[in-house]
Structure formats: C-alpha cells, structure tokens
Amino acid sequence: MSADTVPVTGWGRTAPTTARLIRPRTYEEAVAAVRDCGARGGIPRGLGRAYGDAAQNAGGAVLDMTGLDRIHAIDADGGTVRCDAGVSLHRLMEVLLPLGWFVPVTPGTRYVTVGGAIGADIHGKNHHVSGSFARHVLSLELLTADGGIRTVAHGTPLFDATAGGMGLTGVILTATVRLQPVETSLMTVDTERAGDLDDLMARLTAGDHRYRYSVAWIDLLARGAATGRAVVTRGDHAPLDALPAGTRARREPLAFRTSRLPPAPSFVPGGLLNRTTVGIFNELWYRKAPRARTGQLQRISTFFHPLDGVPHWNRVYGRGGFVQYQFVVGHGQEDALRRIVRRISARRCPSFLAVLKRFGDADAGWLSFPAPGWTLALDIPADLPGLGTFLDELDEEVASAGGRVYLAKDSRLRPELLAAMYPRLADFRALRAELDPRGVFVSDLARRLHL
Amino acid sequence: MKDAFGTPQSLLVLGGTSEIALATARRLIARRTRTVWLAGRPSPALDGAAERLRGLGAEVHTVDFDALDPDSHESALGKVFAEGDVDMVLLAFGILGDQAHDERDPAGAVRVAQTNYTGAVSAGLITARSLQAQGHGSLVVLSSVAGERARRANFIYGSSKAGLDAFAQGLGDALHGTGVHVMVVRPGFVRSRMTADLEEAPFATTPEAVASAIELGLRRRSETVWVPGALRVVMSALRHLPRAVFRRLPV
C-alpha cells in the first residue's frame with residue numbers, strides 16, 4: 001500500500017487540495033486505511049472523473065480504489081457480474097462484450113469505476129428506459145467507518161444512502177451488477193437535426209420511447225431563431241442480422257474495438273476554447289451532422305464515448321480548468337429550461353460539450369441526481385469572467401423550478417440551495433451521523449456543501 | 001472550502017480594520033463567504049467593522065490580535081483554526097509611520113518595522129502551518145509597491161514592506177505543492193484613511209479596486225498581483241533606473 005502527499009483535483013482541474021493518496025491492494029489494506037485515516041478523515045476515489053471536488057479530501061486521506069480491480073464472478077447465463085469497486089467500465093466491456101453482455105448503464109466515458117458509478121449513481125443515454133446505475137446493482141459490500149464490512153442489499157436504507165452518496169457512507173469494496181444482453185458490439189444509430197429548442201424537445205418527446213439510447217448535442221452559442229439547435233443521436237444495440245454479411249464485423253460480432261488518439265499535451269495555454277473557436281466548432285459540428293440518417297452502424301466507443309478517444313481531453317481548457325454544469329428540471333418545467341437555454345445563449349458561454357436529455361423515472365438513491373424531466377449538461381472554461389455569479393442565477397432558476405444540480409459535476413453550488421434540491425438530504429445526514437459519528441468519511445465536496 | 005473560482009467560505013483577516021481587507025471581505029461575502037474572523041486590537045472600530053459585515057449576512061467574530069506581540073499569536077490564531085477550516089487568510093495589518101518623525105525617533109521606525117515585518121513573519125508562519133495541516137487555503141499578503149524599491153520619501157515603510165514581500169514570496173515557494181496558495185498583493189497608492197494626509201501619487205487606486213484584484217487573483221491562483229496592473233511595468237522600469245537618477249525623481 002503506497003501513500004503519497006499530493007495535490008488532487010477532479011476532472012475539471014479546479015480547486016486543487018492536498019491529501020495523502022493511499023492505494024490499497026487488498027481489502028485488509030483498505031480496512032487499515034479507513035481505521036488509520038486520521039483526524040481529517042478519508043474518501044474513496046476511483047478514476048477521478050467527477051468534475052469537481054467529490055473525490056478530494058484536503059489534509060486527509062484519499063483512497064485510490066483502482067488497485068482493487070478483480071472481477072470475481074461472471075454469471076454468463078443469468079447476466080450478472082460480481083467485481084471489485086475499482087474495476088472500470090472499460091474493463092467490464094472488454095471482458096463482458098465477447099460473452100454477449102454489456103454494462104447496464106454507461107456515462108459519456110467508460111473510464112469510471114464501478115464504485116464511482118454507484119457513489120455518483122451515474123446515468124447514461126438510456127436513462128429513460130433503464131434508470132440510473134444503482135437500479136442494476138443487486139448488492140454491494142461496504143466498508144464502513146467502524147472498519148467493518150457490511151453486505152448491503154438493494155432497497156435497504158443504507159443502499160439508498162450509498163447510491164449517489166458520493167462515497168460518504170463508506171468505501172464500496174465489491175458490487176454485483178445485472179447486465180444487459182447484446183448480440184453485437186455495434187450500435188445502429190439514427191441521427192437527425194433539430195432547428196431550435198422547441199423542435200428539439202418535440203422530437204425527443206415524440207421519439208425517445210422507440211430507442212434504448214437517446215441524447216442530443218445542443219449548440220448553446222446559436223442565437224436568435226436558431227437558439228437551441230441540436231443534433232439528436234439515438235440508437236440501439238445492433239442485432240446480429242443488421243451487420244452486413246461477409247464483413248469482419250459480422251464474423252466477430254462481439255469484438256470490442258476502440259481507437260485512441262495521442263493524449264492532449266500536458267500544457268495547453270488557457271483561452272484556447274473561446275467564443276470564436278467554439279463558435280466555429282459548433283457551426284461545423286451542426287452542419288456536418290446529417291439532416292436525417294437512419295441505421296448507421298457505429299462502434300460502442302464512437303456512440304457512447306467519443307471523448308475517450310482523446311486521453312486527458314480535460315487539459316484543452318488550460319491551467320484554469322473548467323466547470324461542468326448539469327441540472328434537471330421536471331416535465332412541465334419546459335419554460336424554465338427555455339429561459340435557461342436562452343440565458344446561456346445570450347451570455348455566449350463557449351460550450352462545445354452541451355447535451356440535452358430526457359430522463360425517465362427516478363431511482364431510490366437519496367442523493368441520486370436523475371429525476372423525470374429534462375437534463376442539460378454543459379462545460380464552461382472556469383476563467384470566464386462573471387461565471388460564478390451567472391451560474392448562481394441559473395441555480396435559482398433551477399431550484400425554483402423544483403430541479404437540482406448534479407453533485408458529481410458540481411464544484412461551486414451555493415450550499416443554502418442544496419436542501420431544496422435534494423429533499424432527502426436530512427435523511428442522508430441523519431444516517432451518516434449514526435453510521436459515522438466521528439465523521440471518518442469526508443470530502444471537499446462534503447465540507448463545501450455541508451453534506 | 002473554496003469553490004471552483006477560488007472563492008472562500010471562511011475568511012480570517014489579520015488587521016481587521018484595514019480598509020482594503022474590509023472591502024475584500026464585503027466582496028467575498030457577496031459571493032460565498034459566510035464566516036469571517038476579524039483579528040485586531042480590541043477597539044470600537046473593530047466592533048463596528050464586524051457589525052457592518054454582519055449586516056451583509058456573514059457570521060462575524062472578532063479576535064484579539066496584536067501584531068506587536070508575537071508571543072500571543074500562537075494562541076490567538078490557534079483558537080480560530082480550532083473552530084474549523086479557514087479557506088483564506090488575509091494578512092492586512094500594517095502602519096505607514098511618519099517618515100520625517102521616525103528618522104529622528106528610531107523607536108518609531110522600529111515600531112513600523114516590527115508591525116509590518118516582524119509581526120507579519122510571526123503571523124504568516126503560524127497561519128501557514130495551520131493552512132498546511134488542513135491541506136488547502138490561500139494566504140493573501142498585502143505588500144506594497146513601496147517595497148519594490150525604497151524611496152527617499154518613505155524608505156522606512158518601504159523597507160518593511162520589502163522584507164514582508166520577500167518573506168511572502170519565499171513562503172509561497174516553501175508551500176508550493178502543499179495545497180496552500182500564497183498570493184502577494186502589491187497595490188500602489190491606495191486612497192484610504194492611512195494615506196489621507198499624503199499627496200496622491202500617480203496610479204492611485206481604491207480599496208475596492210484592490211479587493212476586486214484579490215478576487216480575480218484567487219480565481220487565477222495568482223502568485224503576484226499588482227493594483228493597478230500597469231504598475232508591474234512601471235515598477236519594473238523604475239527598479240532598473242540608475243541610483244543617481246532614481247534619487248532625483250520627484251516620487
């Protein structure tokens with residue numbers, strides 16, 4: 001078990017703090033690390049894809065769980081896997097796809113761990129069908145503050161506190177996850193353009209139920225009549241008979257293929273992504289997309305994880321880093337969504353990674369983010385003048401529409417708004433106070449938002 | 001904790017009646033700051049400052065702190081950190097002295113040096129250690145352009161700020177990689193009580209402008225901030241002037 005005192009940030013590379021980074025290689029080492037983490041506590045960390053300060057712990061311990069990465073058992077008939085929390089979704093895909101199984105939920109990157117996926121209760125393009133990740137977790141083993149290991153079954157209060165609990169109930173050691181059967185490793189994808197926000201919402205409302213996966217890239221720099229124009233991509237796992245005969249894809253239908261470009265350089269000057277460059281990118285991206293195309297075959301990596309093709313893409317924002325803002329507002333709150341999109345567009349926030357999605361039913365996690373309605377996610381360079389105040393104003397809109405922002409992406413929310421956004425917060429605090437009276441598990445996020 | 005924009009939730013001001021510090025506190029309270037500690041010698045002015053900040057919605061405490069009594073710093077500042085994390089320490093105390101008078105009365109000059117330099121070394125080291133233990137935080141040190149090159153007209157004050165500035169830079173390097181950020185702020189002539197009797201110098205600025213520059217510096221995690229920014233170039237030129245020329249300048 002190694003331990004180094006190092007600066008730690010989230011994927012957005014803002015607000016670095018220093019912690020002892022401990023990398024347990026066995027459960028015993030993990031138990032010892034939790035017992036010895038000292039006055040400033042500890043927090044588990046996976047692959048560091050949370051954008052903000054969720055997996056940081058200033059002056060304390062950060063438990064890098066990626067050293068615990070064994071896949072224990074695969075039930076290839078029933079479609080479940082039991083693995084360590086440090087296993088990445090990438091690894092699961094490598095192992096499971098050839099057996100005809102896929103992860104039940106994948107976010108926009110496959111470089112997240114199973115533990116992180118549960119801790120943030122992540123969602124994907126299939127949320128309207130499949131819900132969030134924790135829906136598919138049958139049980140998990142949780143290392144709690146007393147140093148004990150508990151088996152936590154789906155549906156129990158501790159499970160619901162842990163799903164979306166941002167690692168604050170304990171360290172997830174293993175999980176049993178129900179899988180999605182697939183015939184091939186390819187996707188059939190339909191693409192269409194939407195000319196403005198209302199057109200986009202109408203298309204998503206009318207057609208989402210026909211697809212397992214659906215998402216829209218939205219051009220937040222477009223103004224006037226084009227405000228909210230978007231490219232909708234929706235798809236399903238391709239059935240075997242959709243692959244053309246005689247091709248390599250048909251001969252090896254379950255091969256998991258990815259491609260990676262060289263990583264972004266470690267130093268990129270700030271300001272590269274500005275209104276001009278992002279405006280040009282967005283214009284090209286929109287024009288490049290077909291007005292309507294159906295049945296295109298794409299790799300899983302192309303459809304779900306385009307950004308994983310550029311390792312360390314987060315560096316392109318330069319030293320100042322970036323802020324990711326994601327919120328959800330319920331069905332019936334379309335006006336709030338329109339107002340927010342208009343404000344972002346009028347403000348000319350240079351965002352090239354903005355996506356809009358329609359969520360389905362919520363799951364039971366107390367701090368789980370998804371709720372039925374509309375979710376918008378966007379990246380913004382952190383050094384944009386006045387950004388802090390602007391996002392505060394958006395928070396007010398979101399909160400007054402009964403919506404919430406996503407903690408796994410947050411790095412700047414005003415703590416006073418949290419309880420309104422997460423009505424089960426009081427239950428969460430009460431459970432933590434009982435389970436972890438000394439406050440062993442703590443993160444910068446928890447300190448900032450008084451979780 | 002600071003947010004993604006470097007805005008602190010808790011602030012400790014050393015020199016709780018400093019106009020620059022209070023302007024900074026007002027600005028930060030308008031953003032995220034909810035807890036403020038004003039450290040200074042007990043006085044109606046300190047209580048009044050605390051009351052005004054409370055009016056803005058912050059929870060404000062005052063702490064007895066005397067820069068000239070380094071022996072008391074440990075316990076006075078230790079109490080603050082024992083209450084919880086301090087995201088930002090603003091080292092803002094300092095006195096201008098009276099150059100002409102202090103040249104005749106070395107005891108007065110020593111008081112300037114002890115307040116501005118010795119007191120700051122003590123308080124700076126003590127707060128830096130606490131920040132390092134919590135693994136995060138910014139130590140913002142109010143230096144001055146006067147420390148960049150000592151002038152005939154105020155070299156006693158200038159030399160104390162030169163010492164403070166060098167100390168803070170070195171401290172910043174020592175703390176690099178510990179999660180603690182040290183920022184040296186070098187304002188030019190600031191229109192305030194402290195300078196009310198002086199003739200205004202070129203590039204004069206205001207406490208509010210310095211506060212705004214500090215907020216920006218926090219966001220950028222800057223190590224040095226000049227206010228106004230043009231002074232960086234001006235002082236760089238002045239620093240390289242030959243002594244014989246510099247001495248004759250009407251500054």
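**Chain B sheet**

I started with the open sheet of chain B, where 7 strands pair in parallel in the order 3-2-1-4-5-6-7. This is a predicted model, so I checked the confidence before going on. Chain B averages a pLDDT of 96, and 100% of its residues score at least 70. For the complex, the predictor gives an ipTM of 0.93 and a pTM of 0.95.

Back to the sheet. I looked up its edges and found strand 3 (59–64) and strand 7 of chain B there. Each has a single partner strand, so one side of each lacks a neighbour in the sheet. I also noted the turn between neighbouring strands, which is 15° on average with direction ignored.

Next I picked one pair from the sheet. Strand 5 (residues 137–142) and strand 6 (residues 180–187) of chain B run parallel and are joined by 6 bridges. If you want a spot to click on, Val140(B) sits opposite Met183(B) of strand 6 of chain B. Helix 7 of chain B packs on this sheet and touches strand 5, strand 6 and strand 7 of chain B. Its direction makes about 155° with that of strand 7 of chain B.

**Odd backbone spots**

I keep a list of these, since most residues other than glycine have a negative phi and most peptide bonds are trans.

Two entries flank strand 7 of chain B. Arg221(B), in the loop between helix 7 (207–220) and strand 7 of chain B, has a positive phi of about 55° without being a glycine. I asked myself whether Arg221(B) is buried or exposed. It counts as partly exposed, with 17 C-beta neighbours inside 10 Å.

On the other side of the strand, Val227(B) and Pro228(B) are joined by a cis peptide bond with omega about -10°. I placed Pro228(B) in the loop between strand 7 (224–227) and helix 8 (231–239) of chain B.

Chain A gave me Ala15(A), another residue other than glycine with a positive phi, near 45°. Ala15(A) is in the loop between strand 1 (2–8) and strand 2 of chain A. I counted 28 other C-beta atoms within 10 Å of Ala15(A), so it is buried, the cut-off being 20 or more.

**Chain A sheet**

Here I found an open sheet of 8 strands with antiparallel pairing, in the order 15-12-14-13-17-18-16-19. Strand 15 (292–299) and strand 19 (404–405) of chain A are its edges, each pairing on one side only. I followed strand 19 of chain A to its partner, strand 16 (residues 322–330) of chain A, and the two pair antiparallel over 2 bridges. Phe327(A) faces Val405(A) of strand 19 of chain A in this arrangement.

**Helix pair in chain A**

How do helix 10 and helix 11 of chain A run relative to each other? Helix 10 (residues 334–347) and helix 11 (residues 387–400) of chain A pack at about 170°, with axes 10 Å apart. They are therefore roughly antiparallel. From helix 10 of chain A, the contact uses Ala336(A), Arg339(A), Ile340(A), Arg343(A) and Arg347(A). Helix 11 of chain A brings Phe390(A), Leu394(A) and Glu397(A). I sorted these residues by class and got 4 nonpolar, no polar and 4 charged.

**Where the chains meet**

Last entry: 24 residues of chain A are in contact with 18 residues of chain B. Strand 2 (17–23), helix 11 and helix 14 (444–449) of chain A each give two or more residues to the chain A side. By class, that side has 8 nonpolar, 10 polar and 6 charged residues.

Technical notes
Residues are numbered from 1 along each chain as its sequence is written. Chains are lettered from A and ligands numbered from 1 in the order in which they are written. This is a predicted model: local features need pLDDT of at least 70, side-chain atom pairs count only at pLDDT 80 or more; totals for chains, interfaces and linings use all residues. Axes are lines fitted to C-alpha atoms, for helices over the stretch in contact, and angles run from 0 to 180 degrees between N-to-C directions. Helices (H or I, at least four residues) and strands (E, at least two) are DSSP runs, numbered from the N terminus. Angles under 35 degrees count as roughly parallel, over 145 as roughly antiparallel, 65 to 115 as roughly perpendicular and the rest as oblique. Two residues are in contact if their C-beta atoms, placed from the backbone, lie within 7 Å. Ala, Val, Leu, Ile, Met, Phe, Trp, Tyr, Cys and Pro count as nonpolar, Asp, Glu, Lys and Arg as charged, and the others, Gly among them, as polar. Two strands pair if DSSP finds at least two bridges between them. A residue is buried if 20 or more other C-beta atoms lie within 10 Å of its own, exposed if 12 or fewer, and partly exposed in between; C-beta atoms are placed from the backbone. pLDDT is the predictor's confidence in each residue, from 0 to 100.
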